[in-house]
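This report describes a protein model for a reader who meets it for the first time. Please keep the sequence and the structure in view while reading.

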Amino acid sequence: MTSPKNKKPVASWLDYDFFKEGRRTIKSLTVILRTVGCQWRKCTPCGYWHESADVTQADILAQLEHSLRKRPDEEFILKIFTSGSFLDEREISSETRKEIARVVEKRKEIKKLIVETRPEFVSAEKIEDLKVVDHLEIAIGLETADDFIRSKYINKGFSFEDYKIAAKNVNKSGAAVKTYLLLKPPFISEKKAIEDVIKSAALASPYSSIISLNLCNVQKYTTLEKLWKRKYYRPPWLWSAIEAIKEMMKQDENVVVMSDPVGAGHKRGPHNCGKCDMEITEAIKKFNRTQDLSVLERLAEIDCECKEVWHALLNFDDFLFGSNLL
Ligand SMILES: [Zn+2]
């Protein structure tokens with residue numbers, strides 16, 4: 001007998017999102033389905049697999065129905081995440097995927113469907129099943145275009161080449177790619193982290209419709225948490241996020257950069273000094289919904305003293321790793 005808990009999603013909530021294809025902000029419903037979880041389970045910052053359970057495919061459909069009860073009655077974006085890979089058939093079987101597509105197809109208010117997957121599970125056939133809405137987006141957690149950082153520091157288990165093959169496959173199948181980049185994986189400095197995401201955005205944007213900048217936060221029961229507790233890791237500064245977003249937009253005017261500052265202002269999440277965190281977080285959220293860069297540019301007027309500390313930290317990086325000293 002399956003537990004009653006398995007009939008409810010891990011979480012579901014309403015929000016607003018930037019709808020790229022319509023160049024406007026619309027409502028979104030995010031659903032986190034509980035599945036048997038990600039099969040990889042080795043990434044240093046990820047603790048999502050703790051949300052997995054021994055659920056049946058019928059449970060998964062019940063979870064979706066439960067979440068859709070709170071859907072908006074106007075046009076909206078539906079995000080169905082699993083804390084793993086939606087296209088992994090061990091999590092969502094082929095039959096369940098097709099049934100979910102039938103459910104989505106009936107709801108004409110759904111303008112766009114977004115699912116997440118590791119690249120190895122992408123196939124033209126699976127994408128075809130999901131093409132029941134005007135806009136289908138497949139989100140892939142590349143994290144960085146640097147194979148060394150991805151394999152050694154994040155332990156992601158796939159290469160940039162694997163990502164490119166999957167992304168091309170998605171594009172060829174008539175869906176869009178959203179690429180997640182991770183600001184500040186463990187073992188790299190604040191400055192290198194900023195440089196890495198900017199460079200990664202340039203390398204991933206030819207394959208991506210949207211770049212999503214994810215600001216690293218410290219989740220429970222992870223390798224990252226162990227490092228953080230020993231003071232070997234500090235989550236990124238919010239100033240770094242602003243800098244990275246502005247540079248990404250500057251280097252490619254066609255790119256859409258989204259960033260939902262999860263856990264911002266908390267010690268486990270991206271944060272500054274505590275005094276200016278709220279204002280900056282609100283600005284990032286507003287930018288995320290609107291793509292209006294002036295919202296971030298106005299932050300230059302904030303004269304919080306922690307900005308000097310952050311600047312010093314970046315300069316210190318030059319001092320430590322500057323080529324003239326090595
Ligand atoms: Zn501050």
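Which element gives the most to the lining of the second largest pocket? Helix α11 does, with 6 residues.

The model is predicted, so local features need pLDDT of at least 70 and side-chain atom pairs count only at pLDDT 80 or more, while totals for chains, interfaces and linings use all residues. Residues are numbered from 1 along each chain as its sequence is written, and side-chain values use heavy atoms, with hydrogens and water left out.

**The second largest pocket**

A pocket is an open set of points on a 1 Å grid over the protein atoms alone, with protein on both sides within 12 Å along at least five of seven lines; lining residues have an atom within 4 Å of a point. The second largest pocket holds about 270 Å³ of space, a volume being the space filled by probe spheres set on grid points that are joined across faces, edges and corners. Of its 18 lining residues, K184, I188, S189, E190 and L313 are the closest to the centre. Two or more residues each come from α6 and α11 (306–321); helices here are DSSP runs of H or I with at least four residues, strands are runs of E with at least two, and both are numbered from the N terminus. By class, the lining has 12 nonpolar, 1 polar and 5 charged residues. In this scheme Ala, Val, Leu, Ile, Met, Phe, Trp, Tyr, Cys and Pro count as nonpolar, Asp, Glu, Lys and Arg as charged, and the others, Gly among them, as polar.

Helix α6 covers residues 190–204, and its end C-alpha atoms are 21 Å apart, which agrees with the 21 Å expected for 15 residues at 1.5 Å a residue; the expected span is 1.5 Å times one less than the number of residues. Among the buried residues of α6 are E190, K191, D196 and A204.

**Three residues**

Buried means under 20% relative accessible area, exposed over 50%, and partly exposed in between (1.4 Å probe, protein chains only).

| Residue | Place | Relative accessible area |
|---|---|---|
| E143 | strand β5 | 12%, buried |
| K184 | loop between β6 and α6 | 8%, buried |
| F316 | helix α11 | 48%, partly exposed |

E143 has a positive phi near 70 degrees without being a glycine. K184, not a glycine either, has a positive phi of about 75 degrees.

**The sheet**

Eight strands form an open sheet: 8 strands in the order β1-β2-β3-β4-β5-β6-β7-β8, with mixed pairing. Two strands pair if DSSP finds at least two bridges between them. Because β1 (11–19) and β8 (256–258) stand at the edges with a single partner strand each, one side of each is left without a neighbour in the sheet. Strand β5 (residues 135–143) and strand β6 (residues 176–183) run parallel and are joined by 6 bridges. I138 stands opposite V177 in β6.

**The cavity**

How many cavities of 30 Å³ or more does the structure hold? There is 1, a cavity being a set of grid points where a 1.4 Å probe fits but cannot get out. The largest cavity has a volume of about 40 Å³. Its lining includes V10, R34, Y48 and E51, and divides into 3 nonpolar, 5 polar and 2 charged residues.
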